Amino acid sequence: MEYIWAGLEPLGRQLYDYWPGLVAFSSLVVAVLAMSHAVMHKRDARAAAAWTGLIWLLPLIGAVLYLLLGVNRIQRRARQIAPDSLTDTPDQMPVVQPRPRASHLHTLAELSGRLTGLPLLNGNALDVMDAPDALAAMTAAIDEASDSIFLVTYIFGNDAAGRPLVDALAAAAKRGVQVRVLIDGMGALYTFPSIVRRLRRRGVIVERFLYSLAPWRMPYMNLRNHRKVMIVDRRIGFTGGMNLRAGYVQQPPDIRDLHARIEGPVVEHLLRSFAADWYFTCREHLNQEYVGTLDAGPILARGISAGPDADLGKRRLTLLAAIGSAQYEVRIMTPYFVPDQTLLTALQLACMRGVRVTLILPGRNNLRLVHWASLHMLPWLVNDGCELYFSGEPFDHSKVMTVDGHWALLGSGNWDARSLRLNFEFDLECYDEALVAMLNRRMDMRRANARRVSLDDMHSQPYLKRLRNGVAYVLEPYL
């Protein structure tokens with residue numbers, strides 16, 4: 001052993017003498033490699049330039065930060081976890097699809113079809129409800145189920161909203177109904193103890209999406225399943241923005257939201273989405289055949305599954321196409337509004353060409369960083385003519401967009417980076433004048449109790465608050 005150490009001693013002295021040069025050379029190599037990756041893979045030239053500057057200004061540290069924060073692993077990881085057998089483009093696209101009554105929306109309908117690979121389906125009926133009514137309708141549907149119940153949600157609280165639903169699901173499972181419940185791995189942790197144990201004790205089959213106790217395996221805030229979908233007997237569907245939490249049903253409520261009960265062929269799109277998530281989680285194939293009526297109502301509808309896998313960008317492109325198709329009106333109601341530069345520019349251009357853009361956001365937000373980031377970029381929209389309203393209490397979690405009185409999008413997706421590229425979402429696009437008129441009336445009711453915000457109001461904020469908002473906006477891709 002002493003002989004070995006004696007032989008290594010000269011090498012150690014040489015390394016000690018030359019370590020500054022070795023570190024400098026290593027820093028140069030690492031910086032060149034990191035800069036090359038940024039230049040080759042960043043679509044946004046500003047992002048590539050920013051990362052390049054950081055890499056060279058902070059030797060080694062800049063490269064490490066780029067490795068941790070700048071390399072997009074989201075799409076690659078999601079492609080690895082996506083079940084190929086369920087994410088392939090379906091072969092159900094008809095040769096001739098139904099067309100919306102509004103001729104200027106034909107291109108939007110065709111584009112959405114190409115993006116999703118799913119047909120626009122006629123014969124659907126939607127009953128849009130506030131959260132307490134929707135929860136009661138879901139419970140009633142579970143009580144009447146005779147074949148199957150498939151439920152996926154982000155948050156399933158072990159509280160006054162979740163426990164009655166557990167009772168209904170357990171009773172259904174006891175009478176022989178096939179019950180499958182999927183809860184997001186992070187969403188299941190919002191209440192303690194988790195609802196998962198209660199469901200399993202009552203005989204309900206439940207799984208958690210991307211859940212692990214190992215810190216190096218748990219993806220934390222990324223790749224979350226943010227969908228809220230329930231299908232009963234493969235013929236009735238529910239979807240929207242509502243989580244299963246006590247804040248929706250207590251009096252007075254802490255949160256308000258919109259959720260829809262659906263009948264008609266588009267329920268098959270909800271089935272496909274749930275089946276894909278369930279297969280990935282536990283490798284069990286479920287029956288995806290829709291068995292309900294083919295003529296439940298007059299609504300043309302299509303499901304839009306979005307996520308950082310093969311569905312990356314589909315929802316964002318749909319939003320861009322809808323804004324570009326608008327001729328006179330765009331209405332948006334969402335709790336989290338931090339769109340990327342492309343969506344922001346599309347809304348600004350819509351304002352400039354005379355389209356009335358109305359935006360309804362919560363005056364106070366449960367995610368402060370997101371709210372501050374919104375406050376930084378909202379003056380640009382207001383300056384170009386956007387009508388901005390801040391709604392009062394309770395916190396409004398509704399997610400709705402309408403265009404020209406003919407098109408609507410409602411579901412789980414928000415207008416921020418997390419919903420647009422980091423999470424799995426499900427939205428429903430609908431073409432129907434009566435449905436859109438009803439949604440517009442609901443937004444009018446929200447707007448009647450909201451405060452109109454002017455450009456002067458936004459510029460009157462103290463300097464330190466505006467600086468805080470700007471810093472939050474810089475962090476927007478990670479919000």
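Here are some short exercises, with worked solutions, on a predicted model.

**Exercise 1.** Work out which helix gives the most to the nonpolar surface patch, and how Val29 fits in.

*Solution.* Start with the members: Phe25, Leu28, Val29, Val32, Leu33 and Trp56 make a nonpolar surface patch of about 570 Å². Next, look at helix α1, residues 2-41, which gives the most to this patch, with five residues. Val29 is found in helix α1. Its relative accessible area is 35%; since partly exposed covers the range between 20% and 50%, Val29 counts as partly exposed.

**Exercise 2.** Decide whether Pro379 is buried or exposed, and find what it touches.

*Solution.* First, place Pro379 in helix α13, residues 368-383. Then check its relative accessible area, 10%. Buried means under 20%, so Pro379 is buried. Leaving out residues up to four places away in sequence, Pro379 touches Leu455, Met458 and His459. Pro379 and His459 are 80 residues apart along the chain, yet 7.9 Å separates their C-alpha atoms.

**Exercise 3.** Find where Leu210 and Asp404 lie, and give the sign of phi for each.

*Solution.* Keep the general pattern in mind: most residues other than glycine have a negative phi. Leu210, in the loop between β4 and β5, has a positive phi near 50 degrees. Asp404, in the loop between β14 and β15, has a positive phi of about 55 degrees. Finally, check burial: Leu210 is buried at 13% relative accessible area, and Asp404 is buried at 0%.

Technical notes:
Residues numbered from 1 in each chain as written. Predicted model: local features only at pLDDT ≥ 70, side-chain atom pairs only at ≥ 80, totals over all residues. Heavy atoms only, no water. Patch = residues over 30% accessible without salt bridge, like charges linked within 9 Å, V, L, I, M, F, W, Y side chains within 5 Å. Areas by Shrake-Rupley, 256 points an atom, 1.4 Å probe, with all protein chains shown as cover. Salt bridge = Lys/Arg side-chain N within 4 Å of Asp/Glu carboxyl O. Helix = DSSP H or I, 4+ residues; strand = E, 2+ residues; numbered from the N terminus. Buried < 20%, exposed > 50% of the residue type's maximum accessible area, 1.4 Å probe, protein only. Contact = heavy atoms within 4.5 Å.
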